[in-house]
Amino acid sequence: PEYAEMVAEMNSVDEAVCSMPAVLWSGGPSVRVTAFNLVEAETLLEAPYLVYTVEVMYMADKSPLELKKRYSQFEALHEALMSIPLAPSSEVMPSLPPKTWASPLAGKTDDSVGEERTIALHQYLRTLGNLVRQSDQLQSWRIDVQPVLQGFLTPMPSTAEQLDGYQATKQSDDVDEAIEH
């Protein structure tokens, strides 16, 4: 019951919540969902989508690390957290905002959907952080959650960086092979 009340209280916070960072585990970084960008479809078969900026600030850092996350990555995080043994029930776990797209018929613009979802995703992370840090009854779950959260907050190398790394490794292997022969 106390967890459900905490979730309800956090979900009722207005836009000012985005100025207050989420702390997802004790001693962890502060996290804020600060902005969104609309990515236009490149072909007729694709749909436009929103990308959210997640700022991650560790104590030792002078400036935040900016991650770009799609809604589907927040969904994957949520599913991973719920699949951990002894996870809180869906009534206790914070809910993600609905996955809807802007509809001119509904009177919503891309900007209003993006702004609403940015705030809601930030509230989700704040509520999740409060649950993780304050849930003594869920200690076993809490221990297993930290690596999942760290994975979500770790930047993935871009395709260009992966290719550069591959080419550097390949060149190094070629040099080693030449030296051996």
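**Exercise 1. The faces of helix H2**

Task: Find which residues of H2 are exposed in this predicted model, which are buried, and how the buried ones are arranged around the axis.

Solution.
- Start with the exposed side. Glu 79 and Ser 83 are exposed there.
- Now list the buried residues. They are Tyr 71, Phe 74, Leu 77, His 78 and Leu 81.
- Look down the helix axis. The buried residues of H2 fall within an arc of 115°, so they line one face of the helix.
- Recall the general rule. An α-helix has 3.6 residues a turn, so residues three or four places apart point the same way.

**Exercise 2. The span of H2**

Task: Compare the expected span of H2 with the distance between its end C-alpha atoms.

Solution.
- Count the residues. H2 has 13.
- Apply the rise. The expected span is 1.5 Å times one less than the number of residues. For H2 that gives 18 Å.
- Check the model. The end C-alpha atoms of H2 are 19 Å apart, which agrees.

**Exercise 3. Two salt bridges**

Task: Identify the two salt bridges of the structure and place each partner in the chain.

Solution.
- Take the pair between strands. Glu 55 forms a salt bridge with Arg 32, and the closest N and O atoms are 3.2 Å apart.
- Locate its ends. Glu 55 sits in strand E3 (residues 49–57) and Arg 32 in strand E2 (residues 30–39), so the pair links distant parts of the chain, 23 residues apart.
- Classify them. Glu 55 has 16% relative accessibility and counts as buried, because the cut-off for buried is under 20%. Arg 32, at 27%, counts as partly exposed.
- Take the pair that involves H2. The side chains of Glu 75 and Lys 99 meet at 3.8 Å, N to O.
- Locate these ends. Glu 75 lies in H2 (residues 71–83), Lys 99 in the loop between H2 and helix H3 (110–134), so the pair ties together parts 24 residues apart in sequence.
- Classify these too. Glu 75 is partly exposed at 24%. Lys 99 is exposed at 56%.

**Exercise 4. Strand pairing**

Task: Work out how E2 pairs with E1 and with E3.

Solution.
- Begin with E1 (residues 22–23). E1 and E2 pair in the antiparallel sense over two bridges. Ala 22 has Val 31 as its bridge partner in E2.
- Inspect the turn. E1 and E2 form a hairpin with six residues between them. Gly 27 in the turn has a positive phi of about 80°.
- Move to E3. E2 and E3 pair in the antiparallel sense over nine bridges.
- Return to the salt bridge. Arg 32 has Glu 55 as its bridge partner in E3, and the side chains of these two residues also form a salt bridge.

Notes. Residues numbered from 1 in each chain as written. Predicted model: local features only at pLDDT ≥ 70, side-chain atom pairs only at ≥ 80, totals over all residues. Heavy atoms only, no water. Salt bridge = Lys/Arg side-chain N within 4 Å of Asp/Glu carboxyl O. Helix = DSSP H or I, 4+ residues; strand = E, 2+ residues; numbered from the N terminus. Buried < 20%, exposed > 50% of the residue type's maximum accessible area, 1.4 Å probe, protein only. Pairing = 2+ DSSP bridges. Arc of directions from axis to C-beta.
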